[in-house]
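Please open the model in your viewer and keep the sequence panel beside it, since each stop on this tour begins with a selection. The stops move from one strand to its neighbours, and then on to other parts of the chain.

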Amino acid sequence: MDKQTLSFQAEVKQILHLVTHSLYSNKEIFLRELISNASDACDKLRFEALNKPELFEDAPNLEVRVSFDAQAKTITIRDNGIGLSLDEAVSNLGTIAKSGTREFMAALEGDQKKDAQLIGQFGVGFYSGFIVADRITVESRRAGLKPEEGVRWSSEGSGDFEVENIDRPERGTAVTLHLRDGEEEFLSGWKLKSIIGKYSDHISLPILMQKEEWDAEAQKQVTREEWAPVNKAAALWTRNKNDITPEQYTEFYKQLSYDTEPPLAYTHNRVEGRSEYTQLLFVPSKAPFDLWNRDKRGGVKLYVKRVFIMDDAEALMPVYLRFVKGVIDSNDLPLNVSRELLQESRDVKAIREGSTKRVLSMLEALADNEDAAERAKYAAFWKDFGVVLKEGVGEDHANQERLAKLLRFASTHADEGASFADYVGRMKEGQEAIYYVTADSLAAAKSSPQLEIFRKKGIEVLLLVDRVDEWMLSHLYEFDGKPLQSVAKGSVDLGKLQDEAEKKQAEEAAEAFKPVLDRLKETLKDRAKDVRVTTRLVDSPACLVVEEGDMSGHLARLLKQAGQTAPESRPILEVNTEHALVKRLGGNAQFDDLAHILFDQALLAEGGHLEDPAAYVRRVNALLTA
């Protein structure tokens, strides 16, 4: 095929512009990315060759080679992996089929625009070569194709790239960077080796460079023909953990996750028994940009007998632990394992259960640590990942009790960080339930009128303000034998905490106020299921509650916001007979307007929305001008 000039996909043009004009804080990242791509290509060949061993051709030993030419100002990263066909070169190097591309560009244009670590996180690592190069040439041949079906791709990182067929006897890919002026520091064997040692030491393939020796006569370093490995070429997780330093774990995590921060915690174990596998799992210190996407790719890589199988083995970790990064290497799974087989395999189920328990143990070790600094780490983790962890309460019944102990909430006694165990330890003598209130925000929860009687008696109430809380509580009914009770559901029965005089006073008020209650029921029959005298209000005139078992108003609003249909149910209006506004009801000529105003105010106080705001304004204006 003759040489063709083609245009980049629009998004690639934007990325190339940003890469060449913005990413200067950590230029050396390009070598990590290109070596990582080369390693992936070798892993893919090894995987495809399980069923087609002829793909190895006459070179079964997979490797990555890095070389440089100081005179030509080039660096070449060469692998003998799966390689590219012409169509794949056009598709893979000229377009980006990655859902996170927009987020990537937004992040680069924002506060982190000079953070080259973002490159790998969004799967556009090849383009990082343009940080240091003004032209990149790729020569490749896919394993299994004829030598004359090789391909050469080249571009100066502007709007176009050239592609043509070439003769290439060896399979695999060679990426040659033509360095721009001012980047000569990378034309050094010592510099390249130090970068490889920093970022790619843990890659299980040998990374080879030509040996350099000092020539006494010429008084300079001379490159020899002999190639030698510059990395340990041993997968970190296969080594004895006593021989691995915390710094090596951190570097491996950064290379694995493209994170700039060290992990919050990690665990490295070899499990033997019914299922044999090695796990090296990390909990990040910061939430990734796509944490809230439940369909995101998993962060755990699957290996079988050190052979890379897949990048996003979601079957190895429950969805609520999707933030966990790491590697699992199984000795029992077949090498040709498929995603369907992963879903059904008993061995995979055992690995999933064991890995889940190990991650929860890591979190428990932080949360329950006697060291305040470790507990502070858990508080930071909860701030970023707590909402996701709550999903597990409903999804992972086997570990529900352990997850419940890890939950943290704000409360009327603590702005944040209150656990169920803390709450139970502070319960008043005679208190039989754990009380909570749900709301759209912490401010709304704190000012909820339903809390008034609890504040008066000094009873702590948990303030639940995350969208997932209502769903979570539909699966969690008690903790340590204490039932969870919403302060906005049913009638408030404080049991031993409410003395007989208070109960008698409430009964007498309900009897004396019965004519007004009956009229209120009639006036509000289309809006309220019932109207009754309250036992929970102290300062407010009225509030809305629902029956036990009915859907709360907060949950109904969340469902409507999500475009779902909420079952029709009417709340109960509770009125405070000691309040001046309620006392004015009896015999008032504007009774109907006052009744609707009471209901609307109670709805607004719990965070609800008025169906007819204009009618509410009209009634209030009429009352004010009367």
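## Stop one: strand β5 and its partners

Begin by selecting β5, of whose six residues five are buried, so that the strand is largely enclosed by the rest of the structure. Bear in mind from here on that this is a predicted model.

Add β4 to the selection, and you will see that β4 and β5 pair in the antiparallel sense over five bridges, with Ile-136 standing opposite Ser-155 in β5. On adding β6, you find a pairing of β5 with β6 that is likewise antiparallel and runs over six bridges; here Ser-155 stands opposite Phe-161 in β6. Four residues lie between the strands in the hairpin of β5 and β6, where Gly-157 takes a positive phi near 75 degrees.

In the loop between β5 (150-155) and β6 (160-166), pick Gly-159, which counts as partly exposed at 21% relative accessibility. Display the C-alpha atoms of Gly-159 and Leu-16 as well: although 143 residues separate the two along the chain, these atoms are 8.8 Å apart.

## Stop two: Ser-140

Go back to strand β4 (residues 133-141) and select Ser-140 within it. Is Ser-140 buried or exposed? Its relative accessible area is 0%, so Ser-140 is buried. A polar atom of the Ser-140 side chain lies 3.0 Å from the backbone oxygen of Gly-172. If residues up to four places away in sequence are set aside, Ser-140 touches Gly-83, Leu-84, Gly-150, Val-151, Arg-168, Gly-172 and Thr-173.

## Stop three: helix α7

Next select helix α7 (residues 246-257), whose twelve residues should span 16 Å at 1.5 Å a residue; the end C-alpha atoms are 16 Å apart, which agrees. The helix is mostly covered, with nine of its twelve residues buried, and among these buried residues are Gln-248, Tyr-249, Phe-252, Lys-254 and Leu-256.

To see what covers them, show α2 (29-48), α6 (189-199), β10 (265-271), β11 (277-283), β12 (300-304) and β14 (325-330), against which the buried residues of α7 pack. Just after α7, colour Tyr-258, which takes a positive phi of about 60 degrees.

## Stop four: the nonpolar cores

In soluble globular proteins, nonpolar side chains tend to be buried together. The largest nonpolar core of this model has 67 residues, and those with the most contacts inside it are Val-359, Tyr-378, Phe-381, Leu-389, Phe-420 and Ile-434. Which helix should be selected to find the largest share of this core? That share, eight residues, comes from helix α9 (residues 346-367).

Centre the view on Val-359, which touches Leu-281, Val-283, Met-317, Leu-321 and Val-324, not counting residues up to four places away in sequence. A second, separate core of 50 residues includes Leu-16, Val-64, Ala-89 and Phe-161. Phe-161 was already on screen at the first stop, as the residue of β6 that faces Ser-155.

## Stop five: a three-stranded sheet

Now select β20, β22 and β21, which in that order form an open sheet of three strands with mixed pairing. The edges are taken by β20 (530-533) and β21 (542-545), each with a single partner strand, so one side of each is left without a neighbour in the sheet. Neighbouring strands of this sheet are turned by 25 degrees against each other on average, direction ignored.

Looking at one pair in detail, you find that β20 and strand β22 (residues 572-575) are joined in the parallel sense over four bridges, and that Val-531 stands opposite Leu-573 in β22. Bring in helix α17 (residues 514-523), which packs on the sheet by touching β20 and β22 and whose direction makes about 155 degrees with that of β20. Helix α20 (residues 591-605), for its part, lies across β21 and β22 and runs at about 65 degrees to β21.

## Last stop: the whole chain

Finally, clear the selection and view the protein in full, with its 21 helices and 22 strands. Of its 626 residues, 50% are buried. Among contacts between residues at least 6 apart in sequence, 71% join residues at least 24 apart.

Notes: Residues are numbered from 1 along each chain as its sequence is written. This is a predicted model: local features need pLDDT of at least 70, side-chain atom pairs count only at pLDDT 80 or more; totals for chains, interfaces and linings use all residues. Side-chain values use heavy atoms; hydrogens and water are left out. Helices (H or I, at least four residues) and strands (E, at least two) are DSSP runs, numbered from the N terminus. Buried means under 20% relative accessible area, exposed over 50%, partly exposed in between (1.4 Å probe, protein chains only). A polar contact is a pair of N or O atoms within 3.5 Å; within protein, one must be able to donate a hydrogen and the other to accept it, and residues adjacent in sequence count only if both atoms are side-chain atoms. Contact means heavy atoms within 4.5 Å. Two strands pair if DSSP finds at least two bridges between them. Axes are lines fitted to C-alpha atoms, for helices over the stretch in contact, and angles run from 0 to 180 degrees between N-to-C directions. A nonpolar core is a set of buried Ala, Val, Leu, Ile, Met, Phe, Trp, Tyr and Cys residues joined through side-chain atoms within 4.5 Å. The expected span of a helix is 1.5 Å times one less than its number of residues.
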